[in-house]
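Have the sequence and the model side by side. The paragraphs below walk through charged pairs, nonpolar cores and the surface.

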Amino acid sequence: MDTLLVVHLLNGLLMILMPVGLALVLLKRWKLGWKILLAGAATFILSQVGHIPFNSLMTSLLNKTGLATLPAEAALIFNAVFLGLSAGLFEELFRYGMFRWWLKDARSWRKGVLVGVGHGGIEAVIFGGLALLALIQLTAARNMDLSSVYTGSTLELAQQQVNTYWSAPWYAAILGAVERLFTIPIQISLAVLVLQGFIRNQKRWLWLAVGYHALVDGVAVYALSKISMYWVEAIVGGFALISLAIIFLLKKPEPEIQEEPTAAAPAVQAALPEIDPSDANLEKSKYL
């Protein structure tokens with residue numbers, strides 16, 4: 001059995017099954033319906049419709065300026081700050097808009113958690129699908145003559161990608177699923193933070209979420225160029241623990257549904273039978 005093939009397959013499946021399983025458990029337990037979960041998922045997709053083109057446009061513009069000639073360390077810091085802020089602004093502002101105009105009745109901790117599961121869950125499912133697609137393509141590439149498809153430098157690059165993919169240790173092949181395991185709690189904490197702005201009527205919670213998101217992404221981008229990917233995932237795992245603390249520290253009792261008291265029906269008094277006040281009837285009544 002090809003162990004690496006199995007691990008790559010497991011990696012993609014776990015990225016899909018973990019958020020789906022979590023969503024099903026919470027939906028069954030809390031009985032809040034699919035609308036909130038799907039709204040969180042749709043918000044992530046919509047945010048990326050703006051986020052990805054924005055990053056591409058800004059990268060193209062910045063390459064035409066003096067910023068492209070910055071020293072390596074300065075360029076790395078700039079990229080980490082820029083990518084972190086762009087992710088934080090796009091995702092959290094879209095999440096804020098969702099709570100304000102779409103889910104106007106989502107004002108409880110459980111609903112905030114479910115929004116985060118949808119947001120982080122669809123992200124994990126997309127990455128899982130891409131991982132499985134890459135597995136299919138690179139499995140086919142491993143068993144074919146690449147020179148019949150590619151030539152020159154393209155052929156060399158393709159061969160390098162195939163060799164790197166199939167020579168990685170098994171524990172590197174599962175890192176995608178480990179990262180999704182860490183990022184889902186982070187996304188849930190961000191949803192709960194943004195929701196506080198509506199529950200407490202304070203906009204600063206939105207900017208706190210933007211800052212926290214930017215910090216997580218910026219640190220990951222910077223660290224990836226400085227240390228091994230295993231240590232980067234350990235750092236993301238640390239942020240996941242902080243996020244779990246945020247989630248449960250902001251947990252509040254669910255609002256109780258107050259049922260309107262129903263007006264009591266007026267008592268119906270039965271008509272009393274007329275009694276003949278004769279001596280015989282009065283004598284019988286003492287036995288009733």
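D2 counts as partly exposed because its relative accessibility is 29%. In this predicted model, the side chain of D2 meets that of R142 in a salt bridge, at 3.0 Å from N to O. The pair ties together distant parts of the chain. D2 sits in the segment before α1 (3-30), R142 lies in helix α4, and 140 residues separate them. R142 is also partly exposed, because its relative accessibility comes to 34%, a value between the 20% and 50% limits of that class.

How many salt bridges does the structure hold? There are five. Another of them joins R95 to E92, with the closest N and O atoms 2.8 Å apart. Here the partners are three residues apart in helix α3 (residues 72-102), so about one helical turn separates them. Both R95 and E92 are buried.

R180 and E179 form a further salt bridge, and their closest N and O atoms are 2.8 Å apart. Are these two partners buried or partly exposed? R180 has a relative accessibility of 6%, so R180 counts as buried. E179 reaches 27%, so E179 counts as partly exposed. The pair does not stand alone: E123, E179 and R180 are linked in a network of salt bridges.

Now step back to the whole fold. The protein has 10 helices and zero strands. From the N terminus on, every element in the run is therefore an α element, as helices and strands are what is numbered here. Take the contacts between residues at least 6 apart in sequence: 84% of them join residues at least 24 apart. Of the 288 residues, 37% count as buried.

Next, the interior. In soluble globular proteins, nonpolar side chains tend to be buried together. The largest nonpolar core in this model has 37 residues. Which of its residues touch the most other members? They are F99, L103, V113, V115, V117 and I188. Seven helices are named as suppliers of at least two residues each: α1, α2, α3, α4, α7 (175-199), α8 (204-224) and α9 (229-249). Helix α7 gives the most to this core, with nine residues. A second, separate core has 13 residues, including L4, A141, L146 and I174.

F99 is a good place to look inside the largest core. Leave out residues up to four places away in sequence, and F99 touches K104, A106, R107, G112, V115, A191, V194, L195 and F198. One of these partners, V115, is itself among the core residues that touch the most other members.

Finally, turn to the outside. The accessible surface of the protein comes to about 17,700 Å². Carbon and sulfur atoms account for 67% of that surface. One nonpolar surface patch covers about 700 Å². Its residues are I45, L46, V49, F94, I126, F127, L130 and L133. Helices α2 (34-63) and α4 (109-142) each supply at least two of them. Which helix gives the most to the patch? Helix α4 does, with four residues. F127 is placed in α4. With a relative accessibility of 39%, F127 counts as partly exposed. That value is over 30%, so F127 meets the accessibility cut-off for patch residues.

Definitions and conventions
Residues numbered from 1 in each chain as written. Predicted model: local features only at pLDDT ≥ 70, side-chain atom pairs only at ≥ 80, totals over all residues. Heavy atoms only, no water. Patch = residues over 30% accessible without salt bridge, like charges linked within 9 Å, V, L, I, M, F, W, Y side chains within 5 Å. Areas by Shrake-Rupley, 256 points an atom, 1.4 Å probe, with all protein chains shown as cover. Salt bridge = Lys/Arg side-chain N within 4 Å of Asp/Glu carboxyl O. Buried < 20%, exposed > 50% of the residue type's maximum accessible area, 1.4 Å probe, protein only. Core = buried A, V, L, I, M, F, W, Y, C linked by side-chain atoms within 4.5 Å. Contact = heavy atoms within 4.5 Å.
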